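Trainee: Could we go through this structure together? I would like to begin with the overall fold and then turn to its pockets.

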Amino acid sequence: MSNMNKIRKAAVAGMFYPENKDELKSMLATLLDSARIDETFENICGIVSPHAGYVYSGFSAAHAYNAIRNSEFETAVILSPSHREYFQGLSIYSGDAYETPLGLVEIDTDLRRRLVNSNPVFFEGIQGHGPEHAVEVQLPFLQMIKSEFKIVPIVIGDQQKQFLDSLTEGLNRINDKKVTIIVSSDLSHFYSRQEANKLDSIVESHLLNMDYDGLRNDLESQRCEACGGGGIVSLLKLAGLNGFKNVKVLSRTDSGEASGDFSSVVGYLSAVIYN
């Protein structure tokens, strides 16, 4: 990493997770240890992981990272919604690396170039990458479970069908590389736990059935909510195209578990798609 010139500095360290390296490592180790899973997944297409503050969603996220702990991927493609700015297309960070308190995470520039060349909806830029937290909060987990890897962080500026279809098509062309897909997504926001459970169970059902069209339709008609739902739709479609048949929901919870306030919660889910 000697030629790292353009670095995306940590934007939410000290807010979503600890800024101190040792404190962060300790927190992650505790989360990963408490979220151990019995099953081993051999052939993994990707995971869904939430992206709230670790106090709220870290336990759920840790399940997903334990699932890929032994996976032999070389690059993690991270699919993120854009919480703060709207733009059309799929923005891949144009710099050299993302930085967290645990160090630098290098961008896979070869894979970035191939995706950008595959379809004009992919572009290199900084749009969606500035203060956006949904990519960043995934990285310390990756740094804890794997010593060497690269990333392709893709922020989805518009989750309409045309962009999701192009995203799936682009990802489907890179099956010659050891890649895993990480979808960064929370579920419903600010409903009572009872209402949130109804909404989030719809997402879970579509996920378990690998019904990407049903999920996309229900997200568009607002029968359910997931801020990174477009990424889940693309992952499910990609998995189907490549013969993956199994989905396991590893954890589903909400912010009330940490806050004690069940009158207004945010839903979280982690899952793995595999054969």
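Trainee: How many helices and strands does the secondary structure of the protein come to?

Mentor: Please bear in mind that this is a predicted model. Its secondary structure comprises nine helices and twelve strands.

Trainee: Why is the protein described as compact as a globular protein of its length?

Mentor: Its radius of gyration is 17 Å, and the globule rule gives 19 Å for 275 residues; the two values are close, so the protein is as compact as a globular protein of that length. The C-alpha trace spans about 50 × 45 × 35 Å along the principal axes.

Trainee: And what percentage of the residues is buried?

Mentor: Of the 275 residues, 57% are buried. As for contacts with a separation of 6 or more, 83% of them are between residues 24 or more positions apart.

Trainee: What about the accessible surface?

Mentor: That surface amounts to about 11,600 Å², and carbon and sulfur atoms hold 43% of it.

Trainee: Now the pockets. How much space lies in the largest one?

Mentor: The largest pocket holds about 390 Å³ of space. Its lining consists of 18 residues, and those nearest the centre are Ile44, Cys45, Lys177, Val179 and Phe244.

Trainee: Which elements give two or more residues to that lining?

Mentor: They are β2 (44-49) and β9 (179-184). Strand β9 gives the most, with three residues.

Trainee: What is the make-up of the lining by class?

Mentor: Nine of the lining residues are nonpolar, five are polar and four are charged.

Key:
Residues numbered from 1 in each chain as written. Predicted model: local features only at pLDDT ≥ 70, side-chain atom pairs only at ≥ 80, totals over all residues. Heavy atoms only, no water. 1 Å grid on protein atoms, 1.4 Å probe; cavity = no way out; pocket = protein on both sides within 12 Å on 5 of 7 lines; lining within 4 Å. Points joined across faces, edges and corners; volume = space filled by probe spheres on them. Helix = DSSP H or I, 4+ residues; strand = E, 2+ residues; numbered from the N terminus. Nonpolar A, V, L, I, M, F, W, Y, C, P; charged D, E, K, R; others polar. Rg over C-alpha atoms; globule rule 2.2 N^0.38 Å. Buried < 20%, exposed > 50% of the residue type's maximum accessible area, 1.4 Å probe, protein only. Contact = heavy atoms within 4.5 Å. Areas by Shrake-Rupley, 256 points an atom, 1.4 Å probe, with all protein chains shown as cover.
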